[in-house]
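Reader: Hello! I would love a close look at a single part of this model, with the details joined into one account. Here is what I have open in my viewer.

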Amino acid sequence: MLAIEIKGLSKEYAVGFWKQQRRPALKSLNLNVEAGETFGFLGPNGAGKTTTLKLLMGIIFPTSGSATILGQDFLDPEIKRRVGFLPEQPYFYDYLSAPELLDYYARLSGVPATVRKQRIGELLGQVGLSDVGNKQLRKFSKGMLQRVGIAQAIIHDPEVVFLDEPMSGLDPVGRHEVRELIQSLKDRGKTIFFSTHILSDAEALCDRVAVIHKGELRGVGVVNDFRSSVAEKTEVIWLGANALGVVNDLVADPHITSDTVRATAHSSDLDRVLEKLRQQHAQLISVTPIHRTLEDYFLDKTREEEKESVPS
Amino acid sequence: MTSRLSAITWNTFREAVRDRVLYNLVLFVLLLVASAPLFSQISIGLEKLMLVNVGLSSISLFGVIIAIFVGIGLVSKEIEKKTLYTILSRPVRRWEFIAGKYLGLLLTLVVNAALMTVGFYVALLIFIGGLKKTDAMLLAAIYFILLQFMIMVALTLLFSTFSTPIFSAIFAFALFVIGTFGEDLKNFAAMSHGATKWLATAAAYVMPNFASLNVIAQVAHEQSVSAHLIIFNTVYAVLYSIAVTTAAVLIFERRNLK
Amino acid sequence: MNRSRKVTVICGALLLVLFAGSVMARRQVEKIRGKQATLEDVLYLPSGKTVKKLSLGYSSLLANIYWTRAVQYFGSRHLNSSSHYELLEPLLEITTDLDPQLIVAYETGSIFLSQRVPEGAGQPDKAAALVEKGIRANPTYWRLYFTLGFIHYVDRHDYKAAQEAFQKGSEVPGALPWMKIMAARMAEKAYDPSTATYLWKTIFETTHDPTIKESAAKHLLSLRADSEMDELERRAQAYYERFKVYPEEWSDLVRAGLLRGIPVDPNGVPYKLRLDGTVQVEDPKQLPYLERHGPKEKK
């Protein structure tokens with residue numbers, strides 16, 4: 001069953017002094033997320049990730065297109081009982097304490113009074129904030145606020161959780177803890193949709209990822225596919241720049257530093273390259289297989305734009 | 001729905017209290033205590049008149065100032081600070097948010113006025129030396145002041161949904177002044193002719209009418225306030241406030257936030 | 001999108017209904033307040049001077065507001081042919097205290113005050129005092145002397161004071177020559193219908209206030225009717241002298257060559273010839289300012 005179904009979702013902003021120009025922030029997004037999936041939404045800054053999340057939450061309204069969450073229209077307020085949201089760099093009512101904020105949000109999300117208090121205590125423990133007491137949120141550090149943010153996103157035990165840059169502003173310890181939290185949500189069968197520009201996080205947690213760039217969806221891929229063990233290319237480093245001429249047609253991207261050469265060769269050509277280098281008496285320094293990573297996929301997808309765009 | 005509404009109402013009230021809004025009560029008490037002894041020095045026999053005038057006018061004015069200063073940020077602050085993001089991601093309807101904000105600020109003003117009323121009656125007891133039966137009419141004047149608050153909060157809330165705090169404050173203050181001369185506005189309209197008359201009359205009715213809600217002079221002179229006036233003023237204030245709040249909902253409902 | 005549109009429609013309809021309801025409620029409030037003499041706060045104000053101090057520099061604007069209130073107060077009572085205009089004088093006092101240069105308050109307000117009830121407040125003494133206050137504050141505005149003279153002549157019947165007013169006014173630099181002429185006429189120191197006619201004619205031509213203009217028109221018609229009836233009675237008397245009996249109808253006078261046709265009053269209604277030779281109007285209510293041939297006049 002589809003947890004999230006996005007059909008042709010678009011957002012255009014009217015800009016200019018007379019509001020006559022149109023700036024597209026999101027161009028006809030089509031995306032499906034299965035229930036129980038952890039889905040990564042990747043893209044550079046300004047790609048449209050936050051715009052997509054704001055559209056789904058009803059903070060801004062689409063120019064066209066539609067979406068469903070758990071089968072219901074995404075703008076149906078009732079569906080929000082089963083949805084959690086952590087915005088980018090969240091700001092909360094700073095005059096409240098963490099338990100007060102969670103209690104308020106829990107009430108708004110329809111958590112019954114009988115379980116509220118207990119759940120707040122549990123959650124504060126889970127995000128590592130059990131000893132904040134009644135300290136007002138205005139005294140919280142960025143990392144602490146981020147944890148409160150996660151807590152409020154799941155206080156009502158939603159089935160689908162949307163996270164916008166959940167690691168932002170966290171130190172390595174914090175990031176580790178958040179990763180663990182997301183993993184535990186994953187283990188409990190929640191659907192998680194999180195946007196980030198940090199690829200290592202996506203690689204570690206997501207089942208699938210989508211790459212978005214300049215408002216357009218560039219590609220969707222299964223993370224496991226990027227972890228293939230087959231290395232298509234090999235990196236060769238040797239001493240003896242004069243040997244380059246012999247293997248020039250078999251290698252790519254040669255870099256020369258003093259007498260050291262670094263180049264990439266297709267795995268199928270590797271034996272021939274090594275043979276030729278030996279004949280030239282070049283001294284091999286290292287031979288390393290290169291695994292294609294998520295980063296490559298990402299850069300690949302975001303670079304296409306530059307090649308395709310025609311200068312006006 | 002009621003649970004969400006009451007949650008937002010209560011939170012808005014809590015925010016105002018923690019913002020130290022109620023500290024104005026201290027100022028009010030100081031004002032009464034400081035000025036009361038002066039009254040007998042200014043004019044013998046008119047102490048009560050002056051105390052009632054100063055007291056009731058202060059309750060009105062302080063409340064309007066709070067209504068403006070807090071009201072202008074009710075929605076705009078939440079949009080600016082993006083605290084709305086995590087509210088709208090919950091099953092809260094946009095209209096519930098507006099209604100809750102309205103009720104929260106109104107509650108703040110009512111509590112504030114109630115406490116001031118107590119202080120005012122205490123001042124009456126101390127400085128005038130006793131209460132008469134006619135002093136119950138003072139409550140009618142205070143009730144009208146509350147009706148005035150209903151309208152003011154609705155107006156500042158409306159501005160807050162689309163305007164920046166500075167402009168909201170200016171508009172709200174302007175409407176307060178215009179509303180104070182509400183009856184005169186009607187007179188101006190009545191004296192004009194043709195198309196101007198129609199426009200001016202329409203404008204006069206769109207503007208709030210605070211003049212008819214001000215019976216301070218009457219009660220200061222121990223005149224009574226008719227029950228009919230109380231009823232119709234209540235109907236007017238309620239309908240007008242809800243109309244203005246509905247307009248606020250209308251604007252907020254389709255607004256793309258930052 | 002549908003949900004939002006539904007909310008928009010509901011809100012729009014609600015807005016209109018609620019606003020309409022509020023207007024209806026407000027009209028009721030205004031009606032009730034009207035009965036309670038909305039301007040009682042005027043009585044409660046210690047004095048215009050105090051109001052001026054409280055107005056924080058906006059006294060001119062406030063004066064305009066009070067003037068508007070005075071006009072509305074007078075107008076609404078006038079429409080109901082009321083005989084109580086108690087608040088008019090305090091309102092005018094406050095207006096002129098706030099802005100002593102608000103000429104219209106003296107010029108028009110004093111006439112509201114001085115005219116006989118129910119046309120006006122019937123307080124000519126207070127009216128004269130008001131105009132004198134205006135003259136003190138605006139010594140170069142000679143037209144106020146006209147207003148003063150008018151009040152003395154027409155409402156106070158103090159012909160000496162009227163003459164003094166016109167005289168003083170004619171001496172102000174810039175005063176039009178007819179002020180001198182009027183002063184001369186006033187020297188008669190007695191009531192003269194043609195002088196009254198001239199005064200009312202000037203008022204009719206110079207006033208901006210529609211109520212006063214209407215009143216002036218009515219006065220002028222009555223003055224004309226009065227003098228016409230004077231003349232008609234003289235003709236009836238002439239008939240009597242010739243025929244030793246009073247005429248029974250107008251046609252008698254026509255046949256006797258004393259009239260050219262049936263005489264009609266300024267409203268086009270034929271005059272009534274009575275058996276004792278006196279003349280009256282058919283409907284005294286149409287000509288309410290008759291001085292010599294009013295319904296109470298009985299020979």
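How many residue pairs are in polar contact between chain B and chain C, counting pairs with both at pLDDT 80 or more? Please take me through that interface closely.

Author: Happy to! Please keep in mind that this is a predicted model. Between chain B and chain C, six residue pairs are in polar contact, with both residues at pLDDT 80 or more. Let us begin with the helices on the chain B side. Helix 9 (182–191), helix 10 (194–206), helix 11 (216–220) and helix 12 (227–253) of chain B each give at least two residues to the side that touches chain C. Of these, helix 12 of chain B has the largest share, with 15 residues. Sorted by character, the residues on the side of chain B that touches chain C comprise 23 nonpolar, 13 polar and five charged.

Now for the extent of the interface. Chain B brings 41 residues to the contact, and chain C brings 32 residues. Together the two chains bury about 3,300 Å², and carbon and sulfur atoms account for 68% of that area. Three residues are worth selecting in your viewer: B:Tyr205, B:Phe232 and B:Leu250. They supply 18% of the area that chain B buries against chain C, more than any other three residues.

The charged side of the story comes next. Two salt bridges are counted between chain B and chain C. C:Glu30 makes a salt bridge with B:Lys186, and their closest N and O atoms lie 3.1 Å apart.

To put that count in context, the structure holds 43 salt bridges over all chains. For an example inside chain B, look at B:Glu15 and B:Lys101, which form a salt bridge with the closest N and O atoms 4.0 Å apart. This pair links distant parts of the chain: B:Glu15 sits in helix 1 (residues 2–18) of chain B and B:Lys101 in helix 6 (residues 94–128) of chain B, 86 residues apart.

To return to your interface, a good view to set up would show helix 12 of chain B, with its 15 residues on the side that touches chain C, together with the salt bridge between C:Glu30 and B:Lys186. Adding B:Tyr205, B:Phe232 and B:Leu250 brings in the three residues that supply 18% of the area chain B buries against chain C.

Methods: Residues numbered from 1 in each chain as written. Chains lettered and ligands numbered in written order. Predicted model: local features only at pLDDT ≥ 70, side-chain atom pairs only at ≥ 80, totals over all residues. Heavy atoms only, no water. Contact = heavy atoms within 4.5 Å. Buried area = accessible area lost by both parts, 1.4 Å probe. Salt bridge = Lys/Arg side-chain N within 4 Å of Asp/Glu carboxyl O. Polar contact = N/O pair within 3.5 Å; in protein donor to acceptor, adjacent residues only side chain to side chain. Helix = DSSP H or I, 4+ residues; strand = E, 2+ residues; numbered from the N terminus. Nonpolar A, V, L, I, M, F, W, Y, C, P; charged D, E, K, R; others polar.
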